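Biologist: I should be grateful for a close look at a single part of this protein, followed by an account of how the surrounding architecture is put together. Please take the chain and its model as shown here.

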Amino acid sequence: MRAGAVQALAQLIGLALAVAISVAISHRLGASPEADAFYLGRRLVTGLQEILVQVLSLVFLPMVAMQASPRGLAKLAMWVALGGIAIALVFALGAKFVVAAIAPTLTGDAAVLAERVIMVLSASLPLALLGVLAGSALNLAGWFAWPALLRLLPRVLVLTVFLLALGAQDSVTWAALAFVGGNAVALLLMVPFLRSGPAVSSARPQIGAALMLVVGAQAALWFETALAARAGVGGVALLEMAQRVGALLGNTLALAVLVPVFAKWTGSPELRTPQYFWRVVSGGATVLILVQGILIYNAPRIVEQVLGQGAFEVAAQTQLTPVLMIMGFAPFATFLSRAFVIWVLTQQRKNTVGLVALSVLVDLAVRVGVGVWMLPTMGVGAVALGMVLGPCAVALLLWARNRADLRTADLSFSPLLGAGMGLLAGMGSSILLSQLVPWLATGEAASALIAMAASGAIAIAVTTLWLRWRNALWVFKF
């Protein structure tokens, strides 16, 4: 858990940067065609990059573990770079077709801008793939905070661009260039710390299963983006804002927990037990109840007081609030489904690829069904709902397939009960603080953020006291 905590701390900084970027874009561009153009390119290209970071680490960790020499790692890096260049060329050459197919509502200058963003951001893909490989090697050696911190550089540079007094078109173009530059610098700063170690003969990369996960996640991303674009002008921007603000922190915390667990199970297979699995699930769920619960409760306040400034109009705020509240539940489903996927990938069974392929198809079927059916009545909220129900279906499927193995562990709901009590305390303290300190209810962005931080701190304190009293801190010892 210490490795996960260190990585989570680094990723929390990334969350602050991501939220700051969303706020800066909402103030500078609002829900405009320029915002849609930037979000479309970033969502498709960097969305793939984020998928690669999450999924390919499941492949690269075992592959790096099998390498016993720097030459082997260099050869692997060469193939990874070639693959990244090939993907980048596909994106760059097909930018015009992608924009026309995914967002036909974007026309004129906005369409041209979206094409430019995709072409520029595509250059980050080979850098990102090499970054995942280098980060996996560092993770296997016990380095989690350094690669996590370096992945923040692109966000720092993008935020810097949007804080400058540039026009809408120039801001979008330079932000895309800054993202590519940040990835290049991050990779260069990881390379000097790479070291070879002893080979782990039991490591087996599940390449086929990982490819299924990448293809499925990318298909879902494209489908969701296309649906959001068809919800009207600003639809892509609304979906991206909701996902960045409502799901990024939860997904970041989930990844911070699961990546070290996968690294441990890869290097030390004897640690992979049902008891260990449920301890990971309980610990992650406890954290998510607190974080996402506070966020969902404060969703209207976040939209009105934090995002609802500058060019972000009242009509767009009204549309964003329910989408943000629904999106707040997505990290629960994503965390649970990804925990089951990691359990399956480390089983080393022959039917792993088939089972993962089935889970991908189920996920896509649910997302497509919910999105198409509910879009006319819910708008972008239908896309967010599909992002919750799809992973839930995957978790249910994989649990049914592995219940014989996993039901042998003893379960305790004390940590989850403590998180629930902490959440109620945080919500109650939010109401009380607004009464005792009138400034917290003035409607300013700073007062809203401070009030949410205070209620979150109280929720964490109450949960910690409960866990100590019930001797349940074991939930974080993994």
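My request concerns Leu-76: does its relative accessibility make it count as buried or exposed, and why?

Modeller: The model is a predicted one, and what follows should be read in that light. Leu-76 counts as buried, because its relative accessibility is 11%, and the cut-off for that class is under 20%. The residue belongs to helix α4, which covers residues 70-93. Leu-130 lies 54 residues away from Leu-76 along the chain, yet the two C-alpha atoms are separated by 9.6 Å.

Similar pairings across the sequence can be found elsewhere. Leu-129, in helix α7 (residues 124-140), has a relative accessibility of 6% and therefore counts as buried. Its C-alpha atom is 9.7 Å from that of Leu-187, although the two positions lie 58 residues apart in sequence numbering. Helix α11, spanning residues 207-229, contains Thr-225, and Ala-226 lies in α11 as well. Thr-225 has a relative accessible area of 0% and is therefore buried; Ala-226, at 14% relative accessibility, counts as buried too. Beyond its neighbours within four places in sequence, Thr-225 is in contact with Leu-40, Arg-43, Leu-44, Ile-102 and Val-236. Leu-40 also pairs with Ala-226: their C-alpha atoms are 9.3 Å apart, with a sequence separation of 186 residues.

These examples can be set against the protein as a whole. Among contacts between residues at least 6 apart in sequence, 87% join residues at least 24 apart. The secondary structure consists of 21 helices and zero strands. Of the 478 residues, 55% are buried.

Leu-40 leads on to the interior. The largest nonpolar core has 76 residues, and the members that touch the most others are Phe-38, Tyr-39, Leu-40, Ile-118 and Met-327. Helix α2 (residues 33-55) gives the most to this core, contributing nine residues. With residues up to four places away in sequence set aside, Phe-38 touches Ile-25, Val-117, Val-158, Phe-162, Val-172, Ala-175 and Ala-176. A second core, separate from this one, has 29 residues, including Ala-209, Phe-277, Trp-278 and Val-344.

Ile-118 and Val-117 are both among the buried residues of helix α6, together with Ala-110, Ala-111, Leu-113, Ala-114, Glu-115, Val-120 and Leu-121. The 14 residues of α6 (residues 108-121) should span 20 Å at 1.5 Å a residue, and the end C-alpha atoms are indeed 20 Å apart, which agrees. Helix α14, residues 274-297, can be assessed in the same manner: its 24 residues reach 33 Å from first C-alpha to last, close to the 34 Å expected. Of those 24 residues, 19 are buried, so α14 is largely enclosed by the rest of the structure.

The packing of one helix pair completes the picture. Two packed helices are described by the angle between their axes and the distance between those axes. For α17 (residues 330-345) and α19 (residues 380-406), the angle is about 35° and the axes are 8 Å apart. Their crossing is left-handed. On the α17 side, the contact is made by Ala-330, Ala-333, Thr-334, Leu-336, Ser-337, Phe-340, Val-341, Trp-343 and Val-344. On the α19 side, the participants include Met-387, Val-388, Pro-391, Cys-392, Val-394, Ala-395, Leu-398 and Trp-399. By class, this contact has 16 nonpolar, three polar and one charged residues.

Ser-337 shows the contact at the level of one residue. It lies in helix α17 and counts as buried because its relative accessibility is 8%. Apart from neighbours within four places in sequence, Ser-337 is in contact with Pro-391, Val-394, Ala-395 and Leu-398. Each of these four partners appears in the α19 side of the helix contact.

Key: Residues are numbered from 1 along each chain as its sequence is written. This is a predicted model: local features need pLDDT of at least 70, side-chain atom pairs count only at pLDDT 80 or more; totals for chains, interfaces and linings use all residues. Side-chain values use heavy atoms; hydrogens and water are left out. A nonpolar core is a set of buried Ala, Val, Leu, Ile, Met, Phe, Trp, Tyr and Cys residues joined through side-chain atoms within 4.5 Å. Buried means under 20% relative accessible area, exposed over 50%, partly exposed in between (1.4 Å probe, protein chains only). Helices (H or I, at least four residues) and strands (E, at least two) are DSSP runs, numbered from the N terminus. Contact means heavy atoms within 4.5 Å. Axes are lines fitted to C-alpha atoms, for helices over the stretch in contact, and angles run from 0 to 180 degrees between N-to-C directions. A crossing is left-handed if the near helix is turned anticlockwise from the far one by less than a right angle, and right-handed if clockwise. Ala, Val, Leu, Ile, Met, Phe, Trp, Tyr, Cys and Pro count as nonpolar, Asp, Glu, Lys and Arg as charged, and the others, Gly among them, as polar. The expected span of a helix is 1.5 Å times one less than its number of residues.
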